[in-house]
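Please open the structure in a viewer and keep the sequence panel in view. The stops below are arranged as a series of selections, each followed by a description of what is found there.

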Amino acid sequence: MVQHQLRGLLTIIDDCSFNVSQFDMLSGTTHVHFWGAIAPDFFNLTNGFIISNHVLNQTFRNASFNVKLVDNVTWDQIQVLSVWDLPTSSDFGHVLLNVYDDDSSPVPTPAANATSHSAFVGMVPTVFDNCKVLSKNFRIRWTLDADQGLLDIGLEAATGTQNYMAFGWADPNFSSGFMIGADVAVTGFTEQGMPFVDDFFITKYEECVLNKDGSASGVCPDNVYEMSNNMNNTELVYGHRRDGVSFIRYRRKLESDDKKYDLVVDAKENMTVIWAIGLVKPPDFIWPYYLPQNHGGPRDVTYGSSKLNVSEHINECLGPLDAEDKEDQDLIIADGNVPLVVTTGPALHYPNPPNPEKVLYINKKEAPVLKVERGVPIKFSIQAGHDVAFYVTSNLLGGNATLRNATETIYAGGPEAEGVVASPKELVWAPGRNTPDQVYYHSLYEQKMGWRVQVVDGGLSDMYNNSVVLDDQQVNFFWTLSNETISIAARGEKKSGYLAIGFGSGMINSYVYVGWVDDSGEGHVNTYWINGKDAYSIHPTNENLTYVRCKSENGIITLEFTRPLKPLCGHKEEKPECKNIIDPTTPLKVIWAMGTKWSNGPLTESNMHFATSHRPFRVLLMRGSAEAEQDLRPVLAVHGFMMFLAWGILLPGGILAARYLKHLKGDGWYQIHVYLQYSGLAICMLGFLFAVAEIRGFSFSPLHVKFGVAAIVLACIQPVNASLRPKKPPSGTDISSKRVLWEYCHTIVGRGAAVVGILALFTGMKHLGDRYDGEDVQELSLALAVWFLLLALIIVYLEYRERQQRRERLFNRSNWVLGDLDEDDSTDLLSPGLARVQKESQSSERMEVQLEPLSR
């Protein structure tokens, strides 16, 4: 079996005919034929030939018929007999014929493209002796080897890639229910498409949980109960996904060595068996196993029980399973702002076999279905090698159809569209109005390396002004800003049961929006506040969301909503959502998560995510860009230290020097004042530029920024003010009005800069706490307050001492007769009025000296 659920038995009748029996096949095109080739490789299969005029243009269900070879074909020309779809060059399945063997029956073998774990030689792993229908979409096939005590079981279901298939035997000693004590095999496929099977034992009607005493209960693997890796007594034989149908073959012993968790299967007795289909939860940091979730649904549809005697011959499976959704390929929804990286890799699950060994990968996904929107330019970064010329064509097979005398329309690319990782080639394609709904991307030089392109009208890229790809390139984030609202959309890039985006630095203390589609197909977007790491820490909120939509396309979740920038809350409301404010001028930290299922009811550990972002992305809403969140605390620490050095030490020190060091000889106080002020201003400017450059953005809205800019502006005015200082008056003359005005301005601006600078330090500490939730911010703020309190006490002491010394100087001057009373060049900038009084006093003293008699 390769495609279309092809299955049957082939018997050669004579030299020119053969018989097909128990033949199942889903219909293809109207040109499906029996096909011959000399080898099963890609080149020989695609260059094969029609061996019969018998047309297979319908669905076959357990059919039997004879087929006659065309006149010019003999068995010695046929080494491979295939069912072949001519228009798509597609192999539905084939067998290898050993015409030189004495045995008249051909020996079928698995297709070369199948993912096989077969332990059989000369047998197809999809063929069994018996088949029983468990439900419309679930079957069990089996082959009994009583002599060896082995039972080969094949589980086959039309179900999704994220679902498990479970089958096992009920404990005959339990009469209250079939599940308790049951020995069950759980099968499914990993995220990489690889089959798995594990041995489970059921102790409770619940999903597997770890109890406080370390024991496990529920539907758990045998390994979990014994904390061992040697308790899985099922053996995987083969598995594949074809046409939306999962098939897994595994083997088990009738009587296992594990007497505690494995039941004995009596081959001659009618025993009760149970089965279920449901979502499977991938491994996480708690459980390294694929765990089945509650199957839900009605009985005999998603779960059930039956009687089975494995020694009886049963064949109830008449016809192939026909899944509603047959598309298993990954889906990539192209975004005009994000280039699609085109590379090559090995063909593991190519959707249209046969195919070459190397196929095209887009964004590390093998031959995905590419969905594009008309009118939206799509950029390809071609890194597939110089031997692969990428192009978009109307031909399903590609490989330059004109060389096969076929017609094609090339929409983009061509011989020059080739590149390597070191030197990629950029190709831009904008689907137009006349582009068909379905085209194909391929290599110009070889057929069937690419796959389908779905062209649709409009989409998220057209509806939203901005978009970015979040962490790990697994979620696309879209938004459009308006005056009071923001419209947001998010789309996953991998299949999941729900998609969640959150605003915050991590899962804890974040506001989350979860989108999922329920069993009835209705989409939901719920809002939550998360303050912990368990399910009980997820608290529903009531945000005012409008234009809410959520849909799932092939398991890809897309959610959309519009919300106010500021929540509509009253002044006294203290709901968590009232603090979920979006400031467009501040980077919005966005995280994401994906999981298996979600619900409106109480949440449990089964709702935990299986994939999540490793770090938040800072989305710059005004710019329309994003960058990975970096820990800026070291940068802000340097910025804070420089500002403290400037506004907490140097600049206040310069002011104090001008006030209290005038007793120094000469202009020493003035030199200290100037050096400290200019040093503080230089360090302040460096700290400001350092923060702006590292944070990569400047927003004036935070209170800290407003105080900081105001302080820097006032500090920069002081050097300009100093350069405009009027000259000092001659000794003994009155101070000019310009000098008085200058002194007032210099004093007020200097004091104002100091006060505003100190406020900027405290608001900066608060801003740091709000941004990083730092635990030590309060301690740092307290230390800063203590520092300035000590500085204030020192100023009080120095002011008291200065006033005492001034009184003493005034008293001593009143007793002088003659003396050097030249004006000190030191102007008291902090008390210009007092300086003027002192000068007047000195002048009056000088007059008294002149009136004394010169001789006695």
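Begin by selecting C550, a buried residue with a relative accessible area of 12%. The model on display is a predicted one, and the values quoted along this tour are computed from it.

**Cysteine without a bond**

Next, select C716 together with C684. The cysteine sulfur closest to that of C716 belongs to C684, and the separation of 7.4 Å is too far for a bond; a disulfide is assigned here to sulfur atoms within 2.5 Å. In contrast to the buried C550, C716 is partly exposed, at a relative accessible area of 31%.

**The disulfides**

How many disulfides does the structure hold? There are three. With the bonded cysteines of the protein chain numbered in sequence order, they pair as 1-4, 2-3, 5-6.

Select C131 and C317 and display their side chains. Their sulfur atoms lie 1.7 Å apart and form a disulfide. The link is left-handed, with -75 degrees about the S-S bond. Distant parts of the chain are joined here: C131 belongs to strand β8, C317 to the loop between β21 (303–308) and β22 (331–333), and the two are 186 residues apart. Are these cysteines buried or exposed? C131 is buried, with a relative accessible area of 1%, and C317 also counts as buried, at 4% relative accessibility.

Move to C208 and C220, whose sulfur atoms are 2.0 Å apart in a disulfide. This link is right-handed, with 110 degrees about the S-S bond. C208 is in the loop between β13 (195–202) and β14 (209–210), while C220 is in strand β16 (residues 219–221), so the disulfide ties together parts of the chain that are 12 residues apart in sequence. Both ends are buried: C208 has a relative accessible area of 9%, and C220 is at 0% relative accessibility.

Now select C569 and C578, joined by a disulfide with an S to S distance of 2.2 Å. Which handedness does the disulfide of C569 and C578 have? The torsion about its S-S bond is about -90 degrees, so it is left-handed. The surroundings of the two ends can be contrasted by switching on a surface. C569 is partly exposed, with a relative accessible area of 29%, whereas C578 counts as buried at 14% relative accessibility.

**The antiparallel sheet**

Return to C131 in strand β8 and extend the selection to the sheet that contains this strand. It is an open sheet of five strands, in the order β8-β9-β10-β18-β17, with antiparallel pairing. The edges are formed by β8 (130–135) and β17 (234–242); each has a single partner strand, so one side of each is left without a neighbour in the sheet. On average, and with direction ignored, neighbouring strands of this sheet are turned by 20 degrees against each other.

Within this sheet, select residues 138–145 and 150–158. These are β9 and β10, which pair in the antiparallel sense over eight bridges. F138 can serve as a marker, as it stands opposite A157 in β10.

**The largest cavity**

A search of the whole structure finds two cavities of 30 Å³ or more. The largest has a volume of about 80 Å³. To centre the view on it, select D183, D199, N233, T234 and R252, which are the closest to its centre among the 14 residues of its lining. Strands β11 (163–169), β12 (183–189) and β18 (245–253) each supply at least two residues of that lining. Colouring the lining by residue class shows five nonpolar, four polar and five charged residues.

**The mixed sheet**

For the final stop, select β22, β26, β32, β31, β28 and β29. In that order they make up an open sheet of six strands with mixed pairing. β22 and β29 (410–413) stand at the edges with a single partner strand each, so each has one side without a neighbour in the sheet. Neighbouring strands are turned by 25 degrees against each other on average, direction ignored.

Narrow the selection to β26 (residues 369–373) and β32 (residues 452–456). In which sense do they pair? The pairing is parallel, over four bridges. The tour ends at E373, which stands opposite V456 in β32.

Note on methods:
Residues numbered from 1 in each chain as written. Predicted model: local features only at pLDDT ≥ 70, side-chain atom pairs only at ≥ 80, totals over all residues. Heavy atoms only, no water. Pairing = 2+ DSSP bridges. Axes fitted to C-alpha atoms, helices over the stretch in contact; angles between N-to-C directions. 1 Å grid on protein atoms, 1.4 Å probe; cavity = no way out; pocket = protein on both sides within 12 Å on 5 of 7 lines; lining within 4 Å. Points joined across faces, edges and corners; volume = space filled by probe spheres on them. Nonpolar A, V, L, I, M, F, W, Y, C, P; charged D, E, K, R; others polar. Buried < 20%, exposed > 50% of the residue type's maximum accessible area, 1.4 Å probe, protein only.
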